Amino acid sequence: MAAEPGSRFLREVREQPAVLARLVAGCGDGLREVARHAGQARHVRLVAHGSSDNAASYAVYAFGLLANLTAFRESISLLTYYGAAPDLHDSIVVAISQSGRTPDVVDYVRAARGRAAFTVAVTNDEGSPLAASADVVLPLCAGPEEAVAATKTYTASIAALALLAAAIGGREEETVRGIESSASLISEALPALQERAEAAAALLETTRQMVVIGRGIELTTAREIALKLSETCRLLAEPLTSTDLAHGPIAGLDPFSPVWVVASPDPCLPAALEAAVRAGRAGAPIIASGAAAGRVPGAAVRLEVSAAPQPILAPLISVVPGQLVAWALARAKGLDPDAPAGLAKVTEVP
């Protein structure tokens with residue numbers, strides 16, 4: 001199905017397979033340089049905002065599973081605003097920013113490099129202040145991203161972080177093959193997914209608030225889908241783990257509060273299915289997506305995708321239904337998914 005004329009958001013969703021292919025071909029030198037320094041590292045500190053921060057939450061799993069390294073999303077404010085002075089000589093700092101111009105991310109990298117951290121910039125702009133501040137740059141190779149809400153730079157960030165972790169862990173070759181296969185699966189799935197996304201949009205057209213559930217590796221997908229729906233569709237979408245849902249928010253669900261469940265065939269699937277059961281008992285309409293969407297009980301709409309070649313790469317594919325629903329829902333509500341009101345491409349943090 002051809003992209004709708006004038007829809008930059010949809011065009012960029014459909015560019016993702018080609019972007020992933022360019023990324024795999026273009027970041028080898030940076031990966032090898034980081035891998036050479038990784039032997040001294042005990043921790044990976046991840047700094048980012050917005051969609052890039054969602055990618056950072058994925059990187060916690062990528063570094064843990066592919067490189068056996070402890071990674072965590074760092075508090076940027078500790079170093080840049082509160083003046084904390086941690087010893088960073090045994091840390092790799094990975095800063096993720098599609099623009100490379102978010103001020104406090106750049107400030108953090110400069111401060112961390114001054115405290116002996118090895119710093120890596122994951123960015124779509126090799127000429128940005130972030131790139132100039134880091135020891136190594138991993139370019140996203142996404143080309144200009146004109147829609148305000150990130151799509152292709154998000155999936156490129158996921159792939160870059162997987163490759164970075166794999167290079168450190170000696171698993172680069174299999175991960176390259178997995179990303180190439182994932183790009184092909186996305187390309188094959190896009191036409192049918194776009195049609196099914198319109199059914200999900202019809203279910204959500206009058207929704208003002210909803211919950212998006214993910215667990216484990218797929219929590220990053222839940223966070224990114226919730227962000228895309230909030231950014232483009234003027235609804236409040238809250239990402240939660242299945243455990244979070246049970247610890248209070250379940251009491252707020254009703255037939256007017258849909259629950260989106262991201263389900264992949266991995267060890268966290270039983271928790272995701274249990275969350276769907278709980279939400280169904282509360283009367284909430286259920287949307288299911290992911291490679292295990294067919295196993296989610298009571299779903300009114302299913303946006304099933306193919307399983308990733310490696311479980312760690314599932315978020316590359318499972319985010320695409322959410323991107324397409326965000327586009328379809330914005331369109332159904334008469335909103336502009338390319339330029340949501342009140343948002344800008346570069347996040348200026350006071």
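**Lys228 and its helix**

I began with Lys228, which counts as buried at 0% relative accessibility, and I kept in mind that this is a predicted model. I then looked for a charged partner and found that the side chains of Lys228 and Glu231 meet in a salt bridge, with 3.3 Å from N to O. Both residues belong to helix α10 (residues 219-233), where they stand 3 residues apart and are therefore separated by about one helical turn. I also noted a network in which salt bridges that share partners join Arg11, Glu15, Glu146 and Lys152.

**Other salt bridges**

I looked up the total and found that the structure holds 15 salt bridges. One of these joins Arg42 to Asp90, whose closest N and O atoms are 3.7 Å apart. Arg42 lies in the loop between α3 (28-37) and β1 (43-47), and Asp90 in the loop between α5 and β3, so I read the pair as tying together parts that are 48 residues apart in sequence. Which of the two is buried or exposed? Arg42 counts as exposed, at 57% relative accessibility, whereas Asp90 is buried, with a relative accessible area of 10%.

I next followed the salt bridge between Arg331 and Glu198, where the closest N and O atoms are 3.8 Å apart. This pair links distant parts of the chain, since Arg331 sits in helix α14 (residues 320-332) and Glu198 in helix α9 (residues 172-204), 133 residues apart. For cover, I noted that Arg331 is partly exposed at 41% relative accessibility, and that Glu198 is also partly exposed, with a relative accessible area of 39%.

**Cysteines**

How many disulfides does the structure hold? I found 0 disulfides. I checked two cysteines for exposure: Cys141 counts as partly exposed at 23% relative accessibility, and Cys268 is partly exposed with a relative accessible area of 24%. Both values lie in the band between the 20% limit for buried and the 50% limit for exposed, which is why I entered both residues as partly exposed.

**Strands β9 and β10**

I went along strand β10 (residues 301-304) and saw that its side chains alternate: Val301 and Leu303 point to one face and are buried, while Arg302 and Glu304 point to the other face and are not buried. Strand β9 (residues 286-290) pairs with β10 in the parallel sense, over 4 bridges. For Ser289 I looked up the bridge partner in β10, and it is Leu303, which I had already entered as one of the buried residues of that strand.

**Nonpolar surface patch**

I then turned to the surface, where Leu78, Tyr81 and Tyr82 make a nonpolar patch of about 380 Å². Tyr81 has its place in the loop between α5 (76-80) and β3 (91-97), and I entered Tyr81 as partly exposed, with a relative accessible area of 44%.

**Positive phi values**

Last, I looked at backbone angles, bearing in mind that most residues other than glycine have a negative phi. Asn68 departs from this, with a positive phi near 55 degrees; Asn68 lies in the loop between α4 (50-66) and β2 (70-73) and is exposed, with a relative accessible area of 70%. Arg234 likewise has a positive phi, of about 55 degrees, although it is not a glycine. Where does Arg234 lie? Its place is in the loop between α10 and β7 (236-240), and at 57% relative accessibility Arg234 counts as exposed.

Terms used
Residues numbered from 1 in each chain as written. Predicted model: local features only at pLDDT ≥ 70, side-chain atom pairs only at ≥ 80, totals over all residues. Heavy atoms only, no water. Patch = residues over 30% accessible without salt bridge, like charges linked within 9 Å, V, L, I, M, F, W, Y side chains within 5 Å. Areas by Shrake-Rupley, 256 points an atom, 1.4 Å probe, with all protein chains shown as cover. Salt bridge = Lys/Arg side-chain N within 4 Å of Asp/Glu carboxyl O. Helix = DSSP H or I, 4+ residues; strand = E, 2+ residues; numbered from the N terminus. Buried < 20%, exposed > 50% of the residue type's maximum accessible area, 1.4 Å probe, protein only. Disulfide = S-S within 2.5 Å. Pairing = 2+ DSSP bridges.
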